[in-house]
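Reader: Hello! I am new to this structure and would love a close look at a single part of it. Could you pick one and walk me through it slowly?

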Amino acid sequence: DLDGSLDRKGIVVEQDLDADFPRVLIDKNRLMQAIINLIKNSNESFERLKPDTRQKTIRIKTFAGNDQVGFEIADNGIGIDRDNIDHIFDYGKSYKRSSGLGLYYCKMFVEDNGGKLFVSSSESRQGTTVRATFRNHA
């Protein structure tokens, strides 16, 4: 129960879901696994923060328009060092002693479905945003 786990850790999950989001022909189970991987990474970004008083927040947003649909997961966790950001989707690459397959899997899933995956992180301790976009064929 990922939602319960986040709640117990004091992490607030904000949702901004597009009410007019169209149906998308995509493997629902693989999509959910990719989203869960990204949320787990956000969760882990808080575990690596030194104790502080800020509210830990993960924002989940969906969007549709301009012939694109997609989702965005953003957190205000530790962020990604600029030296590492270009390599976080590489196979087997991990900066937290894991297998390095989670983000690679997300990227492959998105690209296999004709989409693009973007990541941005301003500076350490400022959080990270991952955005996946797909062509809207509706």
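Author: Happy to. One definition comes before the tour: helices and strands here are DSSP runs, with at least four residues in a helix (H or I) and at least two in a strand (E), numbered from the N terminus. With that in hand, let us look at the hairpin of S2 and S3. Please keep in mind that you are looking at a predicted model.

A little orientation helps. The protein has four helices and five strands, and from the N terminus these elements follow the order α-β-α-β-β-α-α-β-β. Of its 138 residues, 36% are buried. Among the contacts with a separation of 6 or more, 65% join residues 24 or more positions apart.

Now to the hairpin itself. Strand S2 covers residues 56–65, and strand S3 covers residues 68–75. The two strands pair in the antiparallel sense, over eight bridges. To see the pairing in one spot, find Ile60, which stands opposite Ile73 in S3.

Two residues lie between the strands, and the loop there holds Asn66 as well as Asp67. Start with Asn66: its phi is positive, about 50°, although the residue is not a glycine. Asn66 counts as exposed because its relative accessibility is 75%, and the cut-off for that word is over 50%. Move on to Asp67, another residue other than glycine with a positive phi, here near 55°. At 42% relative accessibility, Asp67 counts as partly exposed.

From the loop, step back into S2 and look for Thr62. Its relative accessible area is 19%, so Thr62 is buried; the cut-off is under 20%. The side chain of Thr62 reaches the backbone nitrogen of Asp18 at 2.8 Å. Leaving out residues up to four places away in sequence, Thr62 touches Asp16, Leu17, Asp18, Phe21, Gly70 and Phe71.

Next, cross over to S3. This strand is mostly covered, with seven of its eight residues buried. S3 also has a partner besides S2: it pairs in the antiparallel sense with strand S5 (residues 128–135), over eight bridges. In this second pairing, Glu72 stands opposite Arg131 in S5.

Arg131 leads us back to where we began. It lies over the face of Phe63, at 3.8 Å from the ring centre. As for rings meeting other rings, a search of the whole structure finds zero aromatic pairs.

Phe63 turns up again if you look at Thr133, a residue of S5. Thr133 is buried because its relative accessibility is 7%. Not counting residues up to four places away in sequence, its contacts include Phe63, Gln68, Val69 and Gly70. Val110, Gly115, Lys116 and Phe118 are touched by Thr133 too.

Following the chain on from S3, you come to Asp81, in the loop between S3 and helix H3 (82–85). Asp81 is partly exposed, with a relative accessible area of 41%. Ser122 is 41 residues away along the chain, and the C-alpha atoms of Asp81 and Ser122 are 8.5 Å apart.

Before we stop, glance at a helix that comes earlier in the chain, H2 (residues 28–47). Its 20 residues should span 28 Å at 1.5 Å a residue, which agrees with the 29 Å between its end C-alpha atoms. At the start of H2, a side-chain oxygen of Asp27 comes to within 3.0 Å of the backbone nitrogen of Asn29. An α-helix has 3.6 residues a turn, so residues three or four places apart point the same way. You can keep that in mind when you look through the buried residues of H2, including Leu31, Ala34, Ile35, Leu38, Ile39, Ser42 and Phe46.

Arg30, also in H2, is partly exposed at 31% relative accessibility. Its side chain makes a polar contact with the side chain of Tyr105, at 3.5 Å. Apart from neighbours within four places in sequence, Arg30 is in contact with Tyr105, Phe109 and Asp112.

If you go back to the picture now, a good place to begin is the loop with Asn66; from there, find Ile60 opposite Ile73, and then Arg131 over the face of Phe63.

Notes:
Residues numbered from 1 in each chain as written. Predicted model: local features only at pLDDT ≥ 70, side-chain atom pairs only at ≥ 80, totals over all residues. Heavy atoms only, no water. Buried < 20%, exposed > 50% of the residue type's maximum accessible area, 1.4 Å probe, protein only. Pairing = 2+ DSSP bridges. Phe/Tyr/Trp six-rings, centres within 6.5 Å; stacked < 30°, edge-to-face > 60°. Lys NZ or Arg CZ within 6 Å of the ring centre and 35° of its normal. Expected span 1.5 Å × (residues − 1). Polar contact = N/O pair within 3.5 Å; in protein donor to acceptor, adjacent residues only side chain to side chain. Contact = heavy atoms within 4.5 Å.
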